[in-house]
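Reader: I'm new to looking at protein models, and I'd like a close look at a single part. Could you pick out the charged pairs around one helix and walk me through them slowly?

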Amino acid sequence: MRNYHQLNPIIRLKEMTLLKPQEVEQMITAKNFAVVETVLQQTHYQRYLHPYFHEQFEISLDEELLKTIKELIELVPNQEILRLYMMPFTFHNLKVLTKESVTGKDYAHLLVEDGFYTIDECRTAIKTGVSEVLPEKIVTTIQEVREYLEGGAVLQGIDIIYDRRYLHEQRRLADKINIPELQEAVIKMIDLTNITIAARCLSQKRSCSFMKAVLVSVGSIPKEEFLAFADASYSDFITFLLESEYQEVMRPIIHEQVIDFAGLALLQDNLITESFASAQIDALGPLPLLAFLNAKILELQNLRILLVGKRSGFTEGQIRERMRRYDA
């Protein structure tokens, strides 16, 4: 395990393997999937270009993420940073495995190795409600879901509990790691998630009790401020957003009192990237690692969008509007 002074030169080398803007542009404008593969042949991803890549690239992208994390696990001064970045996949697996347990169906194709907890370890924890491997807070979440299901509840509740606890755990771990830029990024993510949830609840005329169950109280905007709009008009909520600390970034994605939710998801990723904007001038601290992890995850997300789009016949414009920026 190295300190950041020793790790950062390695991170700089890994940054050189990220796709270059011109390579991404070539793939966006490619006429077909075969041209995309030709571009990838000249990149770090050429190792995955087997005869079935067209049908199985999702597996290859998951393998690339797992490979990256495993390489870093033995190098980083604080593995909790990697746990935080892989936590979305941990909670995704818990949701999938829980639904497998409830429905009896096989969802193995949806699972993604997170580099820390094996699928069998997660499956055992869901089956028994205990684990000597998973963190205590995650085991507590599994137990909460088990208790919920004992009441014969609906599957939607599984997502609500896991999603809520995921946000709490992200904030708890970010505070424990105590890197200001990482805390800022996590808080922005939580705030924008709450904004998205509240907006959807209000547009669907959900009850105050439902909103209280799905919103979280660990962002910078108090949960109570969102709940205050449960009995108000949707336009009042829009006005609130346009007067909030996020007013400048929200304004371009609100058109005639309607929120562009796809634009909001894109905004969330871009704001997190901006939190690590000073990484290029930080030679001794953790910012290069944080920026690289964020860039790698977004690169894989962009590749997934691009490859699905080319395979499905999306237009260049449809693909371009979904792409994330990770060069803060």
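Author: Sure, let's start with a pair inside helix α8. Keep in mind that this is a predicted model. Find aspartate 175 and arginine 171: their side chains meet in a salt bridge, at 3.1 Å from N to O. These two residues are 4 apart in helix α8, so about one helical turn separates them. As for how open the spot is, aspartate 175 has a relative accessibility of 33%, which makes it partly exposed.

Now look for pairs that reach out of α8 to another helix. Arginine 164 and glutamate 144 join their side chains in a salt bridge, with 2.7 Å between N and O. Arginine 164 sits in α8 while glutamate 144 belongs to helix α7 (residues 136–150), so this pair ties together parts that are 20 residues apart in sequence. The two ends aren't equally covered, either. Arginine 164 is buried, with a relative accessible area of 19%, and the cut-off for buried is under 20%. Glutamate 144, at 28%, is partly exposed.

Next, head to aspartate 159, which forms a salt bridge with lysine 99; their closest N and O atoms are 2.9 Å apart. Here lysine 99 comes from helix α5 (residues 79–103) and aspartate 159 from helix α8 (residues 156–177), so the bridge links parts that lie 60 residues apart in sequence. Both partners are partly exposed: lysine 99 has a relative accessible area of 22%, and aspartate 159 has 23%.

That bridge also has company. Lys95, Lys99, Asp159 and Asp163 are joined into one network by salt bridges that share partners. If you want the whole tally, the structure holds 22 salt bridges.

For a contrast in what to look at, try helix α14 (residues 261–274). At 1.5 Å a residue, its 14 residues should span 20 Å, and its end C-alpha atoms are indeed 20 Å apart, which agrees. Of those 14 residues, 10 are buried, so α14 is largely enclosed by the rest of the structure. Among the buried ones are Leu264, Leu267, Asp269 and Ile272. What do the buried residues of α14 pack against? Their neighbours are α9 (180–203), α13 (247–250), β2 (258–259) and α15 (287–312). Finally, check the start of α14: a side-chain oxygen of aspartate 260 comes to within 3.2 Å of the backbone nitrogen of alanine 262.

Notes. Residues are numbered from 1 along each chain as its sequence is written. This is a predicted model: local features need pLDDT of at least 70, side-chain atom pairs count only at pLDDT 80 or more; totals for chains, interfaces and linings use all residues. Side-chain values use heavy atoms; hydrogens and water are left out. A salt bridge is a side-chain nitrogen of Lys or Arg within 4 Å of a carboxyl oxygen of Asp or Glu. Buried means under 20% relative accessible area, exposed over 50%, partly exposed in between (1.4 Å probe, protein chains only). The expected span of a helix is 1.5 Å times one less than its number of residues. Contact means heavy atoms within 4.5 Å. A polar contact is a pair of N or O atoms within 3.5 Å; within protein, one must be able to donate a hydrogen and the other to accept it, and residues adjacent in sequence count only if both atoms are side-chain atoms.
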